[in-house]
Amino acid sequence: MPLARFTFAFAIITFLPACQHFQSADTPSEEELMTSESVTVATGDEALKASVSEPADVKTQTPQRAMDDAIDTALKDRVSKARDRLDEPKPAGTREAEKPRPDLWDRLRSLFALNLDQSNRRIEQQLNWYANHPRYIERVANRAQRYFYHVVNEVEKRGLPGEYALLPVVESAYDPFAYSHGRAAGLWQFIPSTGRAYGLDQSWWHDGRRDVIASTDAALRYLDALSQRFDGNHLLGLASYNSGAGTVLREQRQNRRQGKPTDYWSLQLPRETRAYVPKLIAISKLIRDPEKYGIELPPMPDKPYFEVINTGGQMDLARASEMSGVDIEEIYLLNPSYNRWATQPDGPHRLLIPVAEADSFRKALSEMPPSERVSWRHYKVRSGDTLIRIADRYNTTPDVIRRVNEMRSNLIRVGQRLLIPTASKGTDQYAMSASQRLARQQASTDQREDGTRIEHIVQTGDTFWDIARDNGVSVRELAKWNGMAPGDPLVPGQRLVIWSERDSSTLVAARQASSDRDMVRRVGYEVRKGDSLARIASRFNVNVRDIADWNSLDIDRYLQPGQSLVLYVDIRRSP
């Protein structure tokens, strides 16, 4: 290919708009968020709590951690391994051995602004647990070490309470890859719609909710807006971050009608929200005075862990690893937003690199021509090819191929030559991408000790509920085993792993009975006054937990008249 043609193609790929953005009409405005009653089902810290609840000399399996299905399937194995590194005290070769002074913990304490002298049963319950499990504090501090300096800096810069820097402990246990069954993702656990409202776009290449820089900025802007919505009341703002400002406002109106106080502690909020603020206060009390509770905090140097480096265009992550001398797991832990083998074509054109390696990476970057920052393949179209198949084969998208080759449509002809950007290394080199993490999770044999491992290829019309019912498992289990949330869409041809307790003969019978699916219909239902989940479940002869899974609901939260629900009902057994 002539150099001019190649240079032009590179310029196009460098300035491409993000491919396949998963935007939708449900992106709320900030004004709408200030009245939203949507409860965010966060990943939380329960999995980490469970892993440290056993005695230190008892070896326990690490709980399975869900992964966002947007991450490339071929790369999820290494991602899962790299997540394990979060719990290591320090990544080798990137930090000094000595504890510098002053300590970041000291600066954080100086920023505390909430009333940490208050005490009640809900706070004491959380505080006692944390104080009795020092391994929890050690592990969550190790997880936070890459990100904490940046988060504390951003909190201080905005004049917000220092306790906000500890909120990712409650939200995600400081795991940037945390993904909940309610589809919340990242350190700050944004759901898709709220993320989009705050500029955290989600595309095939990149998910801004897992971007350390962008998500921290968005979360702190959102928290500040929520507290201002309640006249500077930080506790009500925090409760709104979890349950929606509309939920808090509704409960305040209810209390006013009954002549009751309207502060956070007096409201009948959803169960998760009732524990949410006490957790943050308890952790903050412990950080403020660790000696009082017999806790020794790991060193937390008050110095940057990473530098933000402008790459000037799309960058292959394996190539960035080679150029910087930073292993690929560390690259992904600092840049967890990337779903594929490279940064996204239209930016952000930046990588977070450990401080110790930043200068050498800049130097290598300046010496590398932009055209060599991604690899290119020349492909000759064969009989039977489609643009979608070619894109799948080379782990890219039809949109990228069209733009690079100046095509106006997906139509291709036999013999046509295409230029395709490709990964420079095999998939095993891209440790943290989505596909590797999913592969490892699906391959795990400890999902059920007595279970049968089954692979199911998604067919047109399949739903989580159908597949779960046919195999005798719950919708939530099925989603978790495959790194998904129950509300995530299924795609024909997608491979799901199922761990079923049924024996093979029972499974055969179940599959034969799956023809009954023709009698199951998707029904939209509008909640009426006096409805409850139990009443609706009884009316349509379905399970309360299934309704909650289909609609990502908290079963302890009241339904509201006019609320829309999706039900899957057997028309032979329902009215």
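## Cavities, a covered helix and three single residues

Asp-211, Val-212, Ile-213, Leu-334, Asn-335, Pro-336, Ser-337, Tyr-338, Arg-350 and Leu-352 form the lining of the second largest cavity. Please keep in mind that the model is predicted. This cavity has a volume of about 70 Å³. By character, its lining divides into six nonpolar, two polar and two charged residues. Helix α11 (212-229) and strand β2 each supply at least two of the lining residues. Where does the cavity lie with respect to the domains? Domain 1 (31-48 + 101-293) and domain 2 (306-370) both give residues to its lining, so the second largest cavity lies between them.

Now for the other cavities. The count comes to four cavities of 30 Å³ or more, and the largest has a volume of about 80 Å³. Lining the largest cavity are Trp-105, Ile-137, Val-140, Ala-141, Ala-144, Phe-148, Leu-166, Val-169, Tyr-174, Ile-283 and Ile-287. Its lining residues divide into 11 nonpolar, no polar and no charged. Helices α7 (134-144) and α14 (271-288) each supply at least two of them, and α7 gives the most, with four residues.

Helix α11 also holds Thr-216. Is this residue buried or exposed? Its relative accessibility is 0%, so Thr-216 counts as buried, the cut-off being under 20%. Not counting residues up to four places away in sequence, Thr-216 touches His-150, Val-151, Glu-154, Trp-188 and Asp-211. Of these partners, Asp-211 is also one of the residues lining the second largest cavity.

Strand β2 leads us on to helix α15, since residues 350-354 of β2 are part of what covers the buried residues of that helix. Helix α15 spans residues 317-324 and is mostly covered, with seven of its eight residues buried. The buried ones are Leu-317, Ala-318, Arg-319, Ala-320, Ser-321, Met-323 and Ser-324. Besides β2, the covering elements include α16 (328-334), α17 (355-367) and β3 (375-380). At the N-terminal end of α15, Asp-316 acts as a cap: one of its side-chain oxygens lies 2.9 Å from the backbone nitrogen of Ala-318. After the helix comes Gly-325, which has a positive phi, near 75°.

Thr-396 sits in the loop between α18 (387-393) and α19 (398-404). With neighbours within four places in sequence left aside, Thr-396 is in contact with Trp-204, Trp-205, Ala-391, Ile-401, Ile-420 and Pro-421. Arg-453, by contrast in setting, belongs to strand β5 (residues 452-457). The side chain of Arg-453 makes a polar contact with that of Glu-455, at 3.1 Å. The C-alpha atoms of Arg-453 and Ser-500 are separated by 6.6 Å, while the two residues are 47 residues apart along the chain.

Here are the accessibility values of the three single residues.

| Residue | Relative accessible area | Class |
|---|---|---|
| Thr-216 | 0% | buried |
| Thr-396 | 3% | buried |
| Arg-453 | 35% | partly exposed |

Why is Arg-453 classed as partly exposed? Its relative accessible area of 35% falls between the cut-offs of under 20% for buried and over 50% for exposed, so Arg-453 is partly exposed. Thr-396, with 3%, is under 20% and therefore buried.

Technical notes. Residues numbered from 1 in each chain as written. Heavy atoms only, no water. Buried < 20%, exposed > 50% of the residue type's maximum accessible area, 1.4 Å probe, protein only. Contact = heavy atoms within 4.5 Å. Polar contact = N/O pair within 3.5 Å; in protein donor to acceptor, adjacent residues only side chain to side chain. 1 Å grid on protein atoms, 1.4 Å probe; cavity = no way out; pocket = protein on both sides within 12 Å on 5 of 7 lines; lining within 4 Å. Points joined across faces, edges and corners; volume = space filled by probe spheres on them. Nonpolar A, V, L, I, M, F, W, Y, C, P; charged D, E, K, R; others polar. Domains from an automatic or database assignment.
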